[in-house]
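Here are my comments on the model, as numbered points. Please read them with the structure open.

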Amino acid sequence: MSENFKASWEHVKGNTWCMLTENAYIPVYILEDNRAIMLDSGWQDDLPDILQLLEEKKLLKQQRNKSLISKVYLYVQTA
């Protein structure tokens, strides 16, 4: 990972956002009740940045959610 790179959010329009990670540009639609629909899971190497970005938007509320997302993410990557 590049030393100077910082993952970030980019607002598209309305509730549509993109997560900019070092390896991907991930479209995300944020629902009214603080849930999100990610249109791509991103790269495994970007998982820490993805989780951090989701936490910034209060889309991860409890530590156990991180574990669940990690398991789902790893399943998607190996399927």
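1. Along E3, which side chains point to one face and are buried, and which point to the other and are not? Ile 26, Val 28 and Ile 30 are the buried set, and they share one face. Tyr 25, Pro 27 and Tyr 29 point to the other face and are not buried. The side chains thus alternate along the strand. Keep in mind that this is a predicted model.

2. Next, the overall layout. The protein chain has two helices and four strands. From the N terminus the order is β-β-β-β-α-α. The chain holds 79 residues, and 27% of them are buried. Its accessible surface is about 5,600 Å². Carbon and sulfur atoms account for 53% of that surface. Take the contacts between residues at least 6 apart in sequence: 35% of these join residues at least 24 apart.

3. The strands can be followed in order. E1 covers residues 8–13 and E2 covers residues 16–20. They pair in the antiparallel sense, over five bridges. Two residues separate them in a hairpin. Gly 14 sits in that turn, with a positive phi of about 60°.

4. E2 also pairs with E3, residues 25–30. This pairing is antiparallel too, and it runs over five bridges. The hairpin of E2 and E3 has four residues between the strands. Met 19 is a handy marker here. On the E1 side, Trp 9 stands opposite Met 19. On the E3 side, Met 19 stands opposite Ile 26, one of the buried residues of E3.

5. How many bridges join E3 and E4? Three, again in the antiparallel sense, with E4 covering residues 36–38. Ile 30 of the buried face stands opposite Ala 36 in E4. Five residues lie between the strands in this hairpin.

6. Val 12 is worth a look. Val 12 belongs to strand E1. Setting aside neighbours within four places in sequence, Val 12 is in contact with Trp 17 and Cys 18. Val 28 is 16 residues away from Val 12 in sequence. In space, the two are 9.6 Å apart, C-alpha to C-alpha.

7. Now the aromatic residues. The count is one aromatic pair. Trp 9 and Trp 17 have ring centres 6.1 Å apart and planes at 85°, so this pair is edge-to-face. The angle decides the label, because planes over 60 degrees apart count as edge-to-face. Is Trp 9 buried or exposed? Trp 9 is buried, with a relative accessible area of 16%. The cut-off for that label is under 20%.

8. Lys 57 belongs in the same discussion. The charged end of Lys 57 sits over the ring of Trp 17, at 3.5 Å from the ring centre. Lys 57 also lies over the face of Trp 9, where the distance to the ring centre is 5.4 Å. Please show Lys 57 with both tryptophans in any figure.

9. Which side chains meet in a salt bridge? Those of Arg 35 and Asp 33, at 2.9 Å from N to O. The count for the model is one salt bridge. Side chains of opposite charge can pair when their charged atoms come close. Asp 33 has a relative accessibility of 42%, so Asp 33 counts as partly exposed.

10. Two backbone angles deserve a check. Most residues other than glycine have a negative phi. Asn 34 is not a glycine, yet its phi is positive, about 60°. Asn 34 lies in the loop between E3 and E4. At 33% relative accessibility, Asn 34 is partly exposed. Lys 58 is likewise not a glycine and has a positive phi of about 60°. Lys 58 comes just after H1, in the loop between H1 and helix H2 (63–78). With 56% relative accessibility, Lys 58 is exposed.

11. Last, the helix before that loop. H1 covers residues 47–56. Which of its residues are buried? They are Leu 47, Asp 49, Ile 50, Leu 51, Leu 53 and Leu 54. Note that Asp 49 is on this list.

How values were computed: Residues are numbered from 1 along each chain as its sequence is written. This is a predicted model: local features need pLDDT of at least 70, side-chain atom pairs count only at pLDDT 80 or more; totals for chains, interfaces and linings use all residues. Side-chain values use heavy atoms; hydrogens and water are left out. Buried means under 20% relative accessible area, exposed over 50%, partly exposed in between (1.4 Å probe, protein chains only). Contact means heavy atoms within 4.5 Å. Accessible areas come from the Shrake-Rupley method with a 1.4 Å probe; for residues, only the protein chains shown count as cover. Two strands pair if DSSP finds at least two bridges between them. Rings of Phe, Tyr and Trp (its six-membered ring) pair if their centres lie within 6.5 Å; planes under 30 degrees apart count as stacked, over 60 as edge-to-face and the rest as tilted. A charge sits over a ring if NZ of Lys or CZ of Arg is within 6 Å of the ring centre and within 35 degrees of the ring normal. A salt bridge is a side-chain nitrogen of Lys or Arg within 4 Å of a carboxyl oxygen of Asp or Glu.
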